[in-house]
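These are my notes from a first walk through one structure, set down in the order in which I looked things up.

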Amino acid sequence: MRTIWVLAVVLLLGGCGTEVASQGSPPPATPVPTGEATGGPIPTPPPKVCPASGAQVGVGPVEAALGHRAVVLTVTNCRATTLTLNGYPAVVVLDYWRKPLGTTVAHDSSYMAIDPGPQRLRLGKGQTAVSVVAWSNTVADGPDPQTGQFLKVAASKGDAQAVWPVMTDLGTTGKLEVTAWARKLKS
């Protein structure tokens, strides 16, 4: 009898906390570890598969300063032949459902980094280049504040894209500044 009682309690408690998502509800949240310095999410990388372009893109943690935010993008040449970059990464902000937000992407300097401008970079196997994606959490009269949950990033337009969990609290500006690929950051 005692065994049946314990089994009934286990089965009853096992069903606690489960919910059935109704149609139109957001997908269940995936826990993301937080960074110590910023309290922001630390992106979990997509699988380490070398895309056909040879440009493997990574995204660092969110850094914050006086209402401004930024992430450093890194591109690594993962193939044996030389990878040539000339310009800016392709970046799209996605919402919770991974749909693009109506954001403006400017190729420009920001509070967080100086844009060196497009330049031809040749990366040998294992070599890297960096870019900065920055935004401000400025709220003013006008449209509702926007918050993205993911960044879709490619080394350049037309390359394979990777989706990274990065919260972008864009305020009412709806704008990102992206620097060109460079060997080193300028700030």
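Before reading any partner off a sheet, I wrote down the rule for pairing: two strands pair if DSSP finds at least two bridges between them. I also kept in mind that I was reading a predicted model.

**Entry 1: a sheet of three strands.** With that rule in hand, I looked up strand 5 and found that 5 bridges join it to strand 9 (residues 146–154), the two running antiparallel. As one example of a partner, I noted that Val92 has Lys152 in strand 9 as its bridge partner. I then followed the sheet outward and recorded 3 strands in the order 5-9-10, forming an open sheet with antiparallel pairing. Its edge strands are strand 5 (90–94) and strand 10 (162–171), each of which pairs on one side only. From one strand to the next, the twist averages 35 degrees. I added a general reminder that strands of a sheet pair through backbone hydrogen bonds, either parallel or antiparallel.

**Entry 2: the chain as a whole.** I stepped back to count the elements and found 1 helix and 11 strands in the chain, and the order from the N terminus on is α-β-β-β-β-β-β-β-β-β-β-β. Of the 187 residues in the chain, buried ones make up 37%. I also looked up how far apart in sequence the contacting residues lie: among contacts between residues at least 6 apart, 75% join residues at least 24 apart.

**Entry 3: strand 1 and strand 3.** Which way do strand 1 and strand 3 run when they pair, parallel or antiparallel? I found that they pair in the antiparallel sense, over 5 bridges, and that Val57 has Val75 in strand 3 as its bridge partner. I looked up burial for strand 1 as well: 4 of its 5 residues are buried, so strand 1 is largely enclosed by the rest of the structure.

**Entry 4: nonpolar cores.** The largest nonpolar core has 27 residues, and Val75 is among those with the most contacts inside it, together with Val71, Leu73, Leu85, Val133, Trp135 and Val166. Strand 10, which I had met as an edge strand, gives the most to this core, with 4 residues. I chose Val133 for a closer look and, leaving aside its neighbours within four places in sequence, found it in contact with Arg69, Ala70, Val71, Leu73, Val91, Leu176, Glu177 and Val178. A second, separate core has 5 residues, including Ala70, Met112, Ala113 and Val132.

**Entry 5: salt bridges.** How many salt bridges does a search of the whole structure find? It finds 2, and I looked up both. In one of them, Asp169 is joined to Arg69, with the closest N and O atoms 3.1 Å apart. This pair links distant parts of the chain, since Asp169 is in strand 10 and Arg69 in strand 3 (residues 68–77), 100 residues apart. I checked burial for each partner: Asp169 has a relative accessible area of 13% and is buried, and Arg69, at 17%, is buried too. The other salt bridge is between Lys175 and Glu177, whose closest N and O atoms are 3.9 Å apart. Here Lys175 is partly exposed at 33% relative accessible area, whereas Glu177 is buried at 15%.

**Entry 6: the disulfide.** A search of the whole structure finds 1 disulfide, and it joins Cys50 to Cys78 with an S to S distance of 2.0 Å. The torsion about the S-S bond is about 85 degrees, so the disulfide is right-handed. Cys50 lies in the loop between helix 1 (2–14) and strand 1 (55–59), while Cys78 lies in the loop between strand 3 and strand 4 (83–86), so the pair ties together parts that are 28 residues apart in sequence. Cys50 is partly exposed, with a relative accessible area of 35%.

**Entry 7: positive phi values.** Last, I looked up two residues that are not glycine and yet have a positive phi, namely Leu66 at about 50 degrees and Arg98 at about 65 degrees. Leu66 sits in the loop between strand 2 (63–65) and strand 3, and at 75% relative accessibility it counts as exposed. Arg98 lies in the loop between strand 5 and strand 6 (104–107), and at 48% relative accessibility Arg98 counts as partly exposed.

How values were computed. Residues are numbered from 1 along each chain as its sequence is written. This is a predicted model: local features need pLDDT of at least 70, side-chain atom pairs count only at pLDDT 80 or more; totals for chains, interfaces and linings use all residues. Side-chain values use heavy atoms; hydrogens and water are left out. Axes are lines fitted to C-alpha atoms, for helices over the stretch in contact, and angles run from 0 to 180 degrees between N-to-C directions. A nonpolar core is a set of buried Ala, Val, Leu, Ile, Met, Phe, Trp, Tyr and Cys residues joined through side-chain atoms within 4.5 Å. Buried means under 20% relative accessible area, exposed over 50%, partly exposed in between (1.4 Å probe, protein chains only). Contact means heavy atoms within 4.5 Å. A salt bridge is a side-chain nitrogen of Lys or Arg within 4 Å of a carboxyl oxygen of Asp or Glu. A disulfide is a pair of cysteine sulfur atoms within 2.5 Å.
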